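Me: I should like to understand the terms used for this structure. Please set each value against its definition.

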Amino acid sequence: MFFPISHSDINPIYLVVVGFVIGILGGFFGVGGSFIAGPALRLMGVDWNFAVGTDLAHIVGKSIVAARKHRTLGNVDLKLGMIMALGTIGGAEGGAQLIQALKRAGNVNTVVSWVAIVVYSGISIFMLWESHTTLRLHKRRSRGTVSDAKAAASKADHSAFGPVTKKIQRIKIWPMISLPTSGIQEISLWTILLVALIGGFFSGFLGGGAGYIRMPSMVYVLGIPTHLAVGTDLFEIIISASYGTFTHAIKGNVDILIALVMHTGAVIGAQIGVVATQYFAGPKIRLAFVPLPLIGAAIVIYTLVTGHKL
Amino acid sequence: MKRDAAKSLRVFAAELAIYAVLVTGYFFAVLHVLGGWLYRLETQHRVIYAVVAILLIAGQAVFLDAVTTVLFRLLRRRWR
């Protein structure tokens with residue numbers, strides 16, 4: 001099928017399948033999936049600028065569907081999402097500015113690649129340790145009395161990193177706000193903004209929505225239960241990806257027809273992903289999340305070693 | 001308990017099937033009706049194209065989701 005806007009010839013079934021896979025990942029983990037969608041479009045010969053812009057457009061739609069579904073399940077904290085969106089946009093601008101500075105210095109590819117490898121691998125290793133330890137401790141305490149389905153349904157989250165999270169929540173820098181939907185009585189607004197700023201910074205610096213940085217930060221730094229972190233992250237992605245789509249479309253980087261085909265698969269996958277979260281407890285979702293940043297790291301290592309841009 | 005879970009999964013699958021049909025139909029409708037216009041818009045009026053692009057993708061998500069919910073409710077009433 002020929003797509004005239006980007007002048008590319010792509011099998012629509014391929015696009016639907018790619019969208020479907022990204023949709024499942026997005027609905028289940030609360031990530032945009034740009035680390036798969038971008039390379040998948042490049043593989044079909046779509047120019048890199050179109051791959052980035054078109055990917056963002058389909059992420060908007062998929063995130064709307066997944067966030068709506070998560071909301072019906074009580075997994076979206078709108079107040080937190082709104083606050084974080086502010087910090088994310090500010091951080092994304094900072095990340096983009098740093099990219100420009102590195103471009104001028106002439107070493108942008110090397111620096112970004114190494115930062116990406118360290119950050120992605122670090123997240124994976126930490127989450128593997130944390131979720132594994134939490135599951136082991138929880139198993140020992142409950143001695144098998146609580147079933148997986150019950151643990152998932154209660155959405156009560158346990159984390160081996162919990163004591164550190166509690167200390168962060170006790171930092172009293174005015175103004176303090178409460179997040180009743182997330183079960184947090186009091187937390188400094190600045191802590192939330194800082195987490196959002198860091199997530200946004202990596203989004204601007206490493207590209208994509210940086211959901212694989214923001215979702216774990218929400219859980220470990222802010223103490224948001226995993227199910228809510230997934231839903232709220234998706235809500236926030238709607239805002240940031242819409243902004244990204246708009247700016248890329250103005251620059252001529254969006255083929256909306258490709259995005260719509262990908263979206264047909266993505267919305268189905270996203271709904272399946274959201275419903276699947278109902279059957280898993282928080283630590284298990286976090287454990288299953290571990291390979292995602294590693295895939296991102298592997299792609300960066302591949303481009304670094306071979307010199308090819310996927 | 002298991003029967004409830006199986007029932008809710010069946011309901012979800014039926015809803016998803018309706019949604020899949022609508023989403024696919026929506027794409028072909030956009031391609032057929034707006035394909036040429038979108039191509040011209042992209043080359044001549046980028047800002048309008050950007051707004052239309054977001055509306056189309058958000059519309060596919062929000063509007064079709066709402067239509068699916070209404071259709072599914074109607075169908076369930078009939079089945080009862």
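Reply: We begin with pLDDT, which is the predictor's confidence in each residue, from 0 to 100. This is a predicted model, in which local features need pLDDT of at least 70, side-chain atom pairs count only at pLDDT 80 or more, and totals for chains, interfaces and linings use all residues. Residues are numbered from 1 along each chain as its sequence is written, while chains are lettered from A and ligands numbered from 1 in the order in which they are written.

Me: Which elements of chain A have the lowest and the highest mean pLDDT?

Reply: Helix α6 (residues 148–154) of chain A has the lowest, 55, and strand β3 (residues 176–179) of chain A the highest, 94. Here helices (H or I, at least four residues) and strands (E, at least two) are DSSP runs, numbered from the N terminus. Where pLDDT is low, the predicted coordinates should not be read in detail. For chain A the mean pLDDT is 86, and 94% of its residues reach 70 or more.

Me: Why is α4(A) called oblique to α10(A)?

Reply: Helix α4 (residues 78–105) of chain A packs against α10(A) at an angle of about 40°, with the axes 9 Å apart. The helix α4(A) is therefore oblique to α10(A). Angles under 35 degrees count as roughly parallel, over 145 as roughly antiparallel, 65 to 115 as roughly perpendicular and the rest as oblique. Such angles run from 0 to 180 degrees between N-to-C directions, and the axes are lines fitted to C-alpha atoms, for helices over the stretch in contact.

Me: Why is His7(A) called exposed?

Reply: His7(A) has 12 other C-beta atoms within 10 Å, so it is exposed. A residue is buried if 20 or more other C-beta atoms lie within 10 Å of its own, exposed if 12 or fewer, and partly exposed in between, with C-beta atoms placed from the backbone. His7(A) lies in the loop between β1 (2–3) and β2 (8–9) of chain A, and has a positive phi of about 55° although it is not a glycine.

Me: What makes Arg46(B) partly exposed?

Reply: Arg46(B) has 15 other C-beta atoms within 10 Å, and is therefore partly exposed. Its place is in helix α2 (residues 46–79) of chain B.

Me: Which residues does Arg46(B) touch?

Reply: Not counting residues up to four places away in sequence, Arg46(B) touches Ala249(A), Ile250(A) and Gly252(A). Two residues are in contact if their C-beta atoms, placed from the backbone, lie within 7 Å.
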